[in-house]
Structures are given as C-alpha cells and as structure tokens.
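Please work through the following exercises with the sequence and the structure open beside you. Each task is followed by a solution that proceeds step by step.

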Amino acid sequence: RVHGGFSSAFPKVQHSNMKLFVDLMSQPSRAVMLFCKLNNIPYELQQVSIAKLEQRSAEFRKINPVGQLPAMQDDDGFCLAESATIFRYLATTRRVSDSWYPLDAKKRAVIDRALDWHLGNLRKGAAGYFAHSWLLPKMNLPASEAICQDSLALLKRCLKMMDATLSSQQFLTGSDISMPDLLGACELAQLKVIPFDLSPYPNVVRWLRQIEQLPPWAEVNMVLDKVAAKSVAPKSKL
C-alpha cells in the first residue's frame, strides 16, 4: 500500500515555501523529492551541482555546513540536512499518511531500523561501488580497486538480505511503502549507469519495478535515465 490515514497527534501545517537543495544525480536527493511529490509537499527546487563542487561553496554551506546533499530550508529559515532526518522532519511537520512514519512506537522503530541499516549498509555498498567503478574514473579522479571490491561484496550481501526480506512482504518494512523503500530504490536505480545485473535477486527486481511505477518516478529520475542511456561503460561481469 502507498497511502493511509493522516495522524492528528502532532500539529501539522501545510508549509508552502520550503527550499529543497538537490543534485538530480544524487540518490538520496531523488528519494526526498519522491517523498515530497508522493505526499503533495510543495517545495522550491534548488539545484546544486556536485560535479561543479557547488556544494562546497560558501553560499551553500550556510544551508548545510557539511556541504552535502540533500538539504532543505523551511519557510521560517530552519535548515536541515541528511535524507533520513529530512524525511522524519517532513513526516512529522506535514500532512502525510501515517503509514510513512507511524505514531505507533514499534512500527516507527521498524522504519528507523531500516533507515539506519540503509545508511550503513546498502548506501555504503552501492554508492561505494558506483563511485569507484564508474563515477571517479569518469571524472578522471583516482579510484580504489580495493574499495570497489569491498563495496561490491557489501552490496551483494545487502541484496541477498533484501531479497530474503522481500520474499515474504511487499515492501522493505512490511505491507506499506516507506522512506527506506525510496532510498533503496534510488540507490539501486543508480547502478543501471554501470550497468549492474540484479537478476540473481528476483524479489528485489519485483520490488524495484513496483517502485518505478510510482507516478513521480519518471520525472524525478529523468536526468539519471539520460545518463544511463548515454553510458558506454561495458556491462559489469562482477
């Protein structure tokens, strides 16, 4: 399920002037955009080019001193970074389905656990493999074969675990879609630039195709799809 009832336990105001700072080739940036579009959360798109190192500019560091994407600035000037933290904040302050981040402590803990797992495992493996096998060589920057292989091994362990989880449920945390699904799908979609074969993980393939059918997916991933179509990298045999 993608939708559910609204929770009224927290005061929720429909803000209108939030600025969202993203790079459309950034996996977590696209995940936050998807969340906003699926929940009709208005935002003003502010594109920051990682390739041009715009995230390191003095101007952007006023928004996020760490210089990473995504980041947001709410209509009252409040700034926030880290995709999972942005998700939790928006789920708490906007009118979104309770199923995204339930008030029930145990259900919420399951989503928090999946978010933490994603950042320390799938994100680390997939992004590390993507960076050292494709991105850094493409930018004529030094890549590490050791990091590439370690990241690939972690990625495969994560995919095996996800495939087992998805063999008995529709989404990563149960019957309802949640932010870990968006983060995970955007992470794996990035790998088609290489490309990477997901066929050994049929439940992951089924799940990813389901996420890709969400109405905003094509729009949010348009830039990624163009890059993937132009990529001339040989098919990975790893």
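## Salt bridges and pockets

At 22% relative accessibility, arginine 88 counts as partly exposed, a value that, like the others here, comes from a predicted model.

**Exercise 1.** Determine which residue forms a salt bridge with arginine 88, and which network the shared partners create.

*Solution.* Begin with the contact itself: arginine 88 pairs with aspartate 116, and their closest N and O atoms are 3.8 Å apart, which falls within the 4 Å cut-off for a salt bridge. Next, place the two residues: arginine 88 belongs to helix H3 (residues 83–93) and aspartate 116 to helix H4, so that distant parts of the chain, 28 residues apart, are linked. Finally, follow the shared partners, through which salt bridges join Arg88, Asp112 and Asp116 into one network.

**Exercise 2.** Find the parts of the chain that are tied together by the salt bridge between aspartate 225 and lysine 192, and decide whether aspartate 225 is buried, partly exposed or exposed.

*Solution.* The closest N and O atoms of aspartate 225 and lysine 192 are 2.5 Å apart. Because aspartate 225 lies in helix H9 and lysine 192 in the loop between H6 and helix H7 (202–212), the pair ties together parts that are 33 residues apart in sequence. Partly exposed means a relative accessible area between 20% and 50%; aspartate 225, with 31%, is therefore partly exposed, and lysine 192, at 32%, also counts as partly exposed.

**Exercise 3.** Work out how far apart in sequence the parts joined by glutamate 219 and lysine 37 are.

*Solution.* Glutamate 219 and lysine 37 form a salt bridge in which the closest N and O atoms are 3.3 Å apart. Since glutamate 219 lies in helix H8 (residues 217–220) and lysine 37 in helix H1, the pair ties together parts that are 182 residues apart in sequence. Lysine 37, at 26% relative accessibility, counts as partly exposed.

**Exercise 4.** Identify the helix that gives the most to the lining of the largest pocket, and the one that does so for the second largest pocket.

*Solution.* Take the largest pocket, which holds about 980 Å³ of space; among its 34 lining residues, Ser26, Gln27, Ile50, Arg123 and Leu135 are the closest to its centre. H4 gives the most to this lining, with 11 residues, and by class the lining comprises 19 nonpolar, 11 polar and 4 charged residues. Turn then to the second largest pocket, with a volume of about 280 Å³, where H4 again gives the most to the lining, with 6 residues.

How values were computed:
Residues are numbered from 1 along each chain as its sequence is written. This is a predicted model: local features need pLDDT of at least 70, side-chain atom pairs count only at pLDDT 80 or more; totals for chains, interfaces and linings use all residues. Side-chain values use heavy atoms; hydrogens and water are left out. On a 1 Å grid over the protein atoms alone, a cavity is a set of points where a 1.4 Å probe fits but cannot get out, and a pocket is an open set with protein on both sides within 12 Å along at least five of seven lines; lining residues have an atom within 4 Å of a point. Grid points are joined across faces, edges and corners, and a volume is the space filled by probe spheres set on the points. Helices (H or I, at least four residues) and strands (E, at least two) are DSSP runs, numbered from the N terminus. Ala, Val, Leu, Ile, Met, Phe, Trp, Tyr, Cys and Pro count as nonpolar, Asp, Glu, Lys and Arg as charged, and the others, Gly among them, as polar. A salt bridge is a side-chain nitrogen of Lys or Arg within 4 Å of a carboxyl oxygen of Asp or Glu. Buried means under 20% relative accessible area, exposed over 50%, partly exposed in between (1.4 Å probe, protein chains only).
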